[in-house]
Structures are given as structure tokens and as C-alpha cells.
Amino acid sequence: MIPMEAAVRGEGGAGKVNFSAPRNFSTVFKSDLKETLFPDDPFHDFKGKTLPEKAKKSVKYFVPIFQWLPSYTTKLFMYDLLAGVTIASLAIPQGISYAKLANIPPVIGLYSSFVPPLIYAVFGNSKHLAVGTVASSSLIIAGAIEKRVHEADDPQLYLNLILTATLISGLIQLILGVFRLGILVDFLSHSTITGFMGGTAIIICLQQLKGIFGLKHFTTHTDVVSVTKAIFKNKHEIRWECTLVGIIFLIFLHLAKMVKQRKPKLFWVSAIAPMVVVAVGCIFAYAANAEKYGIAIVGPLKKGINPPSLKNLDFDPKYISAPIEAGVITAFVALAEGIAIGRSFALMANQQIDGNKEMIAFGLMNIVGSLTSCYITTGPFSKTAVNYNAGCKTQMANVVMSVCMLLTLFFLAPLFSYTPLVALSAIIMSAMLGLIEYDKAYHLYKTDKFDFLICMAAFLGVAFISMDVGLMLSVGLALVRALLYVARPASSKLGNIPDTSLYRDVEQYPGAINIPKTLVLQLGSPIYFANSSYIRERILRWVRDEQANKDSQDDVEYVLLDLGGVTSIDITGVETLIEIRRSLEVKEIKVVIVNPRLEVMEKLIVTDFVDKIGKDSIFLSIKDAIEGCKFSLAQ
């Protein structure tokens, strides 16, 4: 047997515990800052490079177009040309539809598919993301602004506030990206997004019943109860002609989706279906004089590209609260949706995207968009899926789409003035039904009930109260869960796996053997003020339970605390360890520390805990600690 002191120090061996002097504050601060803001170490290629090389790499890093454009080829362009034209055919009806959803002029939706895609092509990081307007952000921004100003009362002021909200949203996104605060978006969990998008899809579909039924009067509220009441209240306005046309369009769009599902190579059938609906609707409305039968149309659309809108931004204190609310919510929702979609398709192609670069790109395109008569844009799932399936290779597909929108604005815009509103309602309803992910909700129910609860809080809150309340309820529950994980961290009792030197959780491995007179506990989280009391009580309870299960001759004499999973500890945590040691010393039980990490060891040294407990009570591994304890027991 080796002496305990020698076992601890590992004299001459590789198992020596490191009691080096703690690093200085500057070193620790730089390390923590790097791990917090630059976990991906984006500048690792800069090491050993000359100043001109660093400058070149910096430009490529912050402006991604310089990464792929120099090596761009005609062959790649042919793929992007096909993809760009395909998503443009989807962008036109979606732009008009979602603009109507936000209660702004339809041409604004077309503008929003012209300028923002150009900005994203320069600064965007994803090769597959197709930029455009989305239903959820359109409804959120409209709902927030209408709390202060109704579109029917003052259309120009309403539009000005929409543009102001877009600017605020872009500024928030840009700030988050520049300061690399993508961690904030992570608080929108997968469960929250699933429930939120499902609830949003429900209320958007209900909103479209106004267009499907041809109603002239409707509610400004979005919840299920208010919409249902409005439909029954105004049921005498329902036009069967409008309803029939809407059902026909819905059936056609559904059949187009079925073709895509059964034969993925025919994805283009589903992609051009909305454009077909708009074209057929325009011809029908013009030829049959549809307005005579109660089928409303979009109305005049101006030719020409986006006019500047700097003068339209409105920061009047009387109204500014609405754009701020809309800007904050849409900033986070658009980022969460766009980045999640970009990452999903990047993974399918075995690629990675930088979330912070995406934030900067989204922020810049919404800032510039707000100054050029565009409203909030992000990366829609439907358009991105079409872009991916069409074989896009680079961000050039967004440029092609933008050029197509330019031609549309110059030459074709007036033709879309005959688009029936019922056709737009059918397009929106068809797109939204695909966002209700029943399978994912069921999967959450089967695998994690709390995640399912978070999902349903968002879904039911959005559907029956409001979008912001539903989002806050879900995020609140997710934060409660995170706080529970923090305040009630996991700990486990370890035993020896027979015929090995491994020590594992006895609950997970019931065959693991207990160590005589020794209790081995593993802590798996940081120890700080929020959980220190719980950790102290849990360790003392482990000891009490262990003593209750032992004969008097096998009373616990050593408690080994494996701190390998403890990433950090604060002063309260250190005081907790001291209190645990004192409480156990009264019972003649000695505390032994195993494998403290660098940050933890440094804190134990500077607080003199190491001197109090003694260096001979700190070991590199559980095996060494048990050997040392056995030696002491044999004395």
C-alpha cells in the first residue's frame, strides 16, 4: 500500500493533482469572454497570418459574398437561375397575400421580395435560405400596431408605424448579431416554436375565413372565440359564389401538395400552384366581372420599384409603444424561425451556418427594407424548401428572385390588380395548414410531458388569447423548467462496476458494488447561490440514507465528492462545501474532493478551502481516493 500523502501527490507519476497558483483576472476574463461570445472561435484562421491576409479574411468573414463569388461558375449559375425563377413564382402570390394579412398595400409585399433578398445575398451565410415575408410576423406586426391605430382609420399612419416597427426589429437583430447574443434566441425552445407556429397557423386560417366567405365585416381580434363570434354574427353576408371559388382553389392547392409528397421530383408542381391560382383568379375575375358576384379583388397596383420611405418613419411618442412592441417580438420570432430553417437545410446538405452572421444579415435587410418601403422579412420555410428542392447552390438564387421581382414591378404589377381576395385567402390557408405539426406535438407528448406542456401553452395561448401572451406563457414555462434544472441539479451515488475500475450511478447500474465505509457522490452542475442549499441538503440526505442502510460496523467514514462535472463554483458554493465538511465532521465523517476542474480548483485555492480541508483530501480520480481511504482505514 502507498501512503495517502504519496497517493495524493503522485510523486514521480502522472497522477499528480495540480495545485498551481490561480490564473490572473485578465486571463480568466478573456477565456470566459471568448467562450461566451466566440464559442466557435471564428478567428482561428488568423493565427500566424500577415496583416493584409488578416484584412482579407476579415472581409470574407463579415461579408460572406466574397467567400463564394470569386469561385462562382456558369454551371452553378444555371442551378441558381432555375431555383431563383421558381421561388419568384412563389414570392409573388405570397408577397401579395401576406401584405393583405398585415393590412398594408399589396405592392409592399412585392417590394419586400425585391430589396431584402439582395442584402441577404451579400451578408447572408446560408446557401439555401430564400428571403421573403412570412405569415406569423405579418400577423404579429399588424396586431401590435392595431392596438394604437386601425388601418381603416388612418392607412398612411398605420403603414408608417409598420415601417417603423420593421426598422426597430432590424436594429435589434443587428445589435444581437454584432454583440453575438444569439444565446437570447435560444430561449425560444423547439417546443415553443412548434406550439407558437401551430397556434399562429390556426388563427391565420380563421382570419382567412373572411375572404373565403366573402364577408365585408369582421373582427380585429385574432383569437378563436372572437373570430367564431364574428362569423356567426355576420353569417348573412356569406356569398356562396365566393365560398365555392375558395374551396376549388383550396382543393387544387392540396392536390398540388399531394403530388409533391408522392413524387418529390415533381416539387415544382406545388411550387407554382399558388402562381397558377393567382393567374387563373385574375383571368376569372376580369372575364366574369367577379366583383358583381361579391368576389372582391386586390385593386390597383402601382408600377415601379420601391420608393424611399425614410420620411415615413414615425417616432411620435403618442404611437411609438406599438412599433416598439411589434419590433421586439418580430425580431426574436423572425430570427428564431429564419435561423432554425437555415440550420435545418444546412444540416441536410452537411453544412453549417453561423447564427450570429444570420442575425446581422437579417438586421441589415430589415433596416434597409424599412428605408425602401419594405416590411419585416425573414426566411420562410415554404420558399426555402422550394429553393432547396430546386437545386440552388449559392445565395445567387436570391439575386435571381430579386431580378424577377424587379421585372414584375416594372411590367407585370398592374396585371395582379385583378387577383381575387378569395384566391389569396386560399393560398394563405393552404400554406398555414402545413405549419400545424401534429406529429411533432404527439412526439413531444410521448417523449417529454413537460416539453409537450410548453408546446401546448404556446399553441392554446396564441389560439385563444393572443400571440404575445401565448409566446410569453410558453417562454415562461421553459424558463421555469430551466430554473428547476439550475436550482435542483442532478446528483448520484456511484458504485464500482464488478471486475472493472469504473464507477457508475448505482440507480442506472443496479449491479454496481458499494464501497465499504465509503460513500461516493457525483455532482453534475455548477455550485452557486441558487442551488447551494439544495446540494447541501441532498448530500446530507445521501449520508443519512446510507447510514440507515448499513450495520453499525459499516458506518460511513468517508464521503467522496466527485466534482468532475462541476464547471464552476461561487463564494456561496465554497461556503456550502465548508458547511458540509463541518456537519459531517461532527459525525466523524471525512470529506474527500475528487477531480475538481481548473476553475473550481482556482476558487478553492483563493478561498483557502484547500488549506482548510488539506491537500491530502483532494484526489485526481475516484480510484486514487478509494485507495487512499482504504490505507487510512487500515492504520
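So, where does helix H5 bend, and by about how many degrees? Keep that in mind while I show you around. One thing up front: this is a predicted model.

Okay, the answer. H5 has a bend of about 25° at Ala91, and there's a proline, Pro93, that follows within four residues. The helix covers residues 74-101. Now let's try a little check on its length. We count 28 residues, and at 1.5 Å a residue they should span 40 Å. The C-alpha atoms at the two ends are 39 Å apart, so that agrees with what we expected. After H5 comes Asn103, and its phi is positive, near 60°.

Zooming out for a second: the domain assignment splits the chain into domain 1, 73-480, and domain 2, 489-634. Taken over C-alpha atoms, the centres of domain 1 and domain 2 are 55 Å apart.

Next, have a look at strand S1, residues 491-496. Is S1 mostly covered or mostly open? Mostly covered: five of its six residues are buried.

And which strands does S1 pair with? One is S3, residues 518-523, which runs antiparallel to S1 and is joined to it by four bridges. If you want to find that pairing on screen, look for Ser491, whose bridge partner in S3 is Leu523.

Another is S2, residues 503-505, also antiparallel, with three bridges to S1. Here you can spot Asn496 standing opposite Tyr503 of S2. S1 and S2 make a hairpin, with six residues between them. In that turn, check out Asp499: its phi is positive, about 65°.

That's my tour, thanks!

Notes. Residues numbered from 1 in each chain as written. Predicted model: local features only at pLDDT ≥ 70, side-chain atom pairs only at ≥ 80, totals over all residues. Heavy atoms only, no water. Buried < 20%, exposed > 50% of the residue type's maximum accessible area, 1.4 Å probe, protein only. Pairing = 2+ DSSP bridges. Expected span 1.5 Å × (residues − 1). Bend = angle between axes of the 7 residues up to and from the residue. Domains from an automatic or database assignment.
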